[in-house]
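Below is a short exchange about how some descriptions of this model are justified, with each value set against its criterion.

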Amino acid sequence: MGKIPEPHEFANLVEAHLHGFHARYGPRDARVFFSPGRVNLMGAHLDYNGGPVMPLAVHAGTIVASRPRGDRRLRLASTLDGEERTFRLDDLPSAPLSSWVDYPLGVVRFVLERTGSEACGLDLLFGGNLPIGAGLSSSASICVGTAHMLDAVWGTGLSVQERVDAALAAERGFVGVNCGIMDPYAVGFARPGHILWLDCKDASFEHLPLDPTRVVVAVADTGVRRQLAQGEFNRRVEECRLAFEALAGYANGARCLRDVPLSVLDAHGARLDPVLEKRARHVLEEVERTFTARRALLEGDLHTFGKQMSAAHRSLSDLFDVSVPELDCLVETALEWNGVLGARLTGAGFGGCAVILLAVDARPGLEEWVSTRFEERFGRAPGISFFEGDPGPRELL
Ligand code: GLA
């Protein structure tokens, strides 16, 4: 990725976006909305196993400009590819089109079904500063952002929970990705300066403060985008399901892999296919690490928190097999820097980004240290950006 713009550069990006909207659709007023992406600090590959996760929304995300039309047409365009599509609200596609428009379309369908709204048509321009497919949840960003924007311009009165539900329904029911609940919750329920603690077994959550005077979060992008990542992700989901099926009989009342005690895996793991045993071990140990990280965060012990992140990365690499050499290099190099508390891959893996937790005063020099070493090995610089936690979807102009 290019680097995520600093806040003052963000204003220029929004200005350019509005300019692009006017150039495409004419100069009248438009409303402009923003929806963040997210990094996940703890709880890797736990959401679809019913475990706890600890994501943080980031101020890189989706920008959408919107203007009502006098008819019931929906025009969608993107600053990223110039493609423009027009639909009639009364005759929206019932199957996905294998295009980015599937994400907003899925949300529009859900919101119309839910509200039965006599809605007006809209001209929409999407864009923003979130790298696509980099593990920062561009899909939840665009889906929750679309739900937020529709609620504002159509006055549907959807709650935040309903907007998150709309995003999930769009991805699962229309785009056709069997995603976990972490990403839309992380985006929809974001609070500035807070990590979301989300228990994916019952979708209960709370906000845990991350002290910006002590720590900052850096995200480093490998630039690696794997075509096969979705297939590999689905394979991990399936492997975890099979591991749960094999172990459930030994764990009374277990409803998901997260419910299986580690002692059950220790006692019966040898009966599993060795690959399934590794996957289950990652999941069950990651559940324990995530609870340890939560306790540490609440006690202000950020060293212990960081150690859980680094242990998670080793497990993701050795047991879950979702790392790549570029991610390992970013994590290992970052951990050599004085003041870095922890580092690990974020998102599904197979490329994308590493997330680094560091003491605020360790920030000067980190970027150069990591970039130089990464470039020596892979011939290009990783983009590195710094985040504190974003307030969540909102209207900008
Ligand atoms: C992807 C998915 C999330 C989650 C992570 C792994 O980002 O979209 O739901 O499963 O992988 O933690």
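Q: Which residues, leaving aside its neighbours within four places in sequence, is L366 in contact with, and what makes these contacts?
A: In this predicted model, and leaving aside neighbours within four places in sequence, L366 is in contact with A218, W337, V340, L358 and F386; contact means heavy atoms within 4.5 Å, so each of these residues meets that limit with L366. L366 itself has its place in helix α11, residues 366–378.

Q: Why is L366 called buried?
A: Buried means under 20% relative accessible area, and because the value for L366 is 0%, the residue is buried.

Q: What makes the approach of D47 to the ligand a polar contact?
A: A polar side-chain atom of D47 lies 2.5 Å from an oxygen atom of the ligand, and since a polar contact is a pair of N or O atoms within 3.5 Å, the pair qualifies. By that criterion D183 qualifies too, with a side-chain N or O atom 2.8 Å from a ligand oxygen atom, and for A348 a polar backbone atom is 3.5 Å from an oxygen atom of the ligand. Taken alone the ligand exposes 310 Å², of which the protein buries 89%.

Q: How do the residues of the shell around the ligand divide, and what makes D47 and D183 charged there?
A: The shell divides into five nonpolar, three polar and three charged residues. D47 and D183, together with R38, are among the residues around the ligand, and because Asp and Arg count as charged, these residues are charged by that definition.

Key
Residues numbered from 1 in each chain as written. Predicted model: local features only at pLDDT ≥ 70, side-chain atom pairs only at ≥ 80, totals over all residues. Heavy atoms only, no water. Near = heavy atom within 4 Å. Polar contact = N/O pair within 3.5 Å; in protein donor to acceptor, adjacent residues only side chain to side chain. Areas by Shrake-Rupley, 256 points an atom, 1.4 Å probe, with all protein chains shown as cover. Helix = DSSP H or I, 4+ residues; strand = E, 2+ residues; numbered from the N terminus. Buried < 20%, exposed > 50% of the residue type's maximum accessible area, 1.4 Å probe, protein only.
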